Amino acid sequence: MSTLEDISAFLQKGRANETKAAVQKAIEEGIAAKDILEKGLMAGMSIIGDKFKRNEVYVPEVLIAARAMNTGLEPLKPLLVSAGVKSKGTVIIGTVKGDLHDIGKNLVKMMMEGKGLKVIDLGVDVSSDRFVAAAKEHEADIIACSALLTTTMTEMKNVVEGFKAAGMRDRITIMVGGAPITDSFCTSIGADLSSPDAASAADAAVAVCAKSA
Ligand code: B1M
């Protein structure tokens, strides 16, 4: 197996230290940072994402693979910056006000990062005002709102209204997701798109950023 294949395989097994060591080996072999990222780390994460979509792996496997990805990224980050690999776009993510569920939101964040997006995570219990302020500060392309409760999903409408009130609605794509969220709910509150799972959300976010590039 090549070193890039090793990186992908270790990441899929969630073996963080081996992933990092393989990344270091690839750097020493002179493999370009962009290739280590795309053909090693992101290739492995993409396989995990597809398996997750098909229910062939579950949340724990995805979480440990994501942890391996983050560990593997450590030696690569300075090289990526100096090599000028640009992020594909900026996403502000958070679980809406009143809602403390963050496992799904964290998975969406990890999948998005695995696809090369810059993700600013506001955490849980995030108000409309905080989404708007963060979007301004980071010049975001996408707002990604997660909700797990039928009592908090309505808060997503406030996020949409918050961007309208700030005069930013036409410049921002608002994505919504979480177990109770449907396409028709998304349409009814005036959000732009909804995704049923983390891997689809990451694919959709990349497509949005590619269109506006
Ligand atoms: Co809560 N809880 N919980 N809970 N909890 C649910 C959601 C519930 C369905 C359980 C039940 O009754 N069967 C129920 C909601 C009922 C409803 O509203 N219809 C419920 C309730 C009622 C509550 C409390 C009110 C309980 C109480 O206190 N009486 C309370 C509310 C607290 C609050 O938020 N204010 C509460 C608390 C908690 C814990 C703190 C104990 C814990 C959360 C811990 C944490 O997140 N750090 C918890 C948990 C763990 C759950 C269950 C068991 C699991 C949720 C989860 O993490 N699933 C859940 C029951 C269940 O789902 N079986 C339940 C795994 C996760 C990977 O899936 O988050 O759906 P999910 O994310 C998916 C997709 O939805 C999607 O991608 C992810 C991966 O593919 N997705 C997006 C998510 N966000 C997305 C965003 C996107 C796109 C896709 O784009 C932006």
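Me: Which helix gives the largest share of the lining of the largest cavity?
Reply: The largest share, four residues, comes from helix 4. This is a predicted model, in which local features need pLDDT of at least 70, side-chain atom pairs count only at pLDDT 80 or more, and totals for chains, interfaces and linings use all residues. Residues are numbered from 1 along each chain as its sequence is written, and side-chain values use heavy atoms, with hydrogens and water left out.

Me: Which residues line the largest cavity?
Reply: The lining consists of Met-45, Ala-66, Met-69, Asn-70, Leu-73, Met-110, Glu-113 and Gly-114 (lining residues have an atom within 4 Å of a cavity point, on a 1 Å grid where a 1.4 Å probe fits but cannot get out). Helix 4 (59-73) and helix 6 are the elements that give two or more residues to this lining (helices are DSSP runs of H or I, at least four residues).

Me: What is the volume of the largest cavity?
Reply: The volume is about 50 Å³. The count comes to one cavity of 30 Å³ or more.

Me: How do the lining residues divide by character?
Reply: Five are nonpolar, two are polar and one is charged. Gly counts as polar here.

Me: Where does this cavity lie with respect to the domains?
Reply: The cavity lies between domain 1 (3-82) and domain 2 (90-212), because both give residues to its lining. The domain bounds come from an automatic or database domain assignment.

Me: Changing topic: which protein atom is the donor to the cobalt of the ligand?
Reply: The single donor from the protein is NE2 of His-101, 2.2 Å away from the cobalt atom (donors are N, O and S atoms within 2.8 Å of the metal). His-101 itself is in the loop that runs between strand 1 (90-95) and helix 6 (103-114).

Me: Is helix 1 mostly covered or mostly uncovered?
Reply: Helix 1 (residues 3-12) is mostly covered, with seven of its ten residues buried (under 20% relative accessible area). The buried residues include Leu-4, Asp-6, Ile-7 and Leu-11. They pack against helix 2 (16-28), helix 3 (33-53) and helix 4 (contact means heavy atoms within 4.5 Å).

Me: What phi does Gly-14 take just after helix 1?
Reply: Gly-14 takes a positive phi of about 75°.

Me: Which residue in the loop between helix 3 and helix 4 should I look at next?
Reply: Asn-55 is in that loop, and its phi is near 60°, a positive value in a residue other than glycine. Most residues other than glycine have a negative phi.

Me: What about the phi of Asp-125?
Reply: Asp-125 is not a glycine, yet its phi is positive, at about 60°. It sits in the loop between strand 2 (118-121) and helix 7 (128-138).

Methods: Donors = N, O, S within 2.8 Å, 3.2 Å for Na, K, Ca; no water. 1 Å grid on protein atoms, 1.4 Å probe; cavity = no way out; pocket = protein on both sides within 12 Å on 5 of 7 lines; lining within 4 Å. Points joined across faces, edges and corners; volume = space filled by probe spheres on them. Buried < 20%, exposed > 50% of the residue type's maximum accessible area, 1.4 Å probe, protein only.
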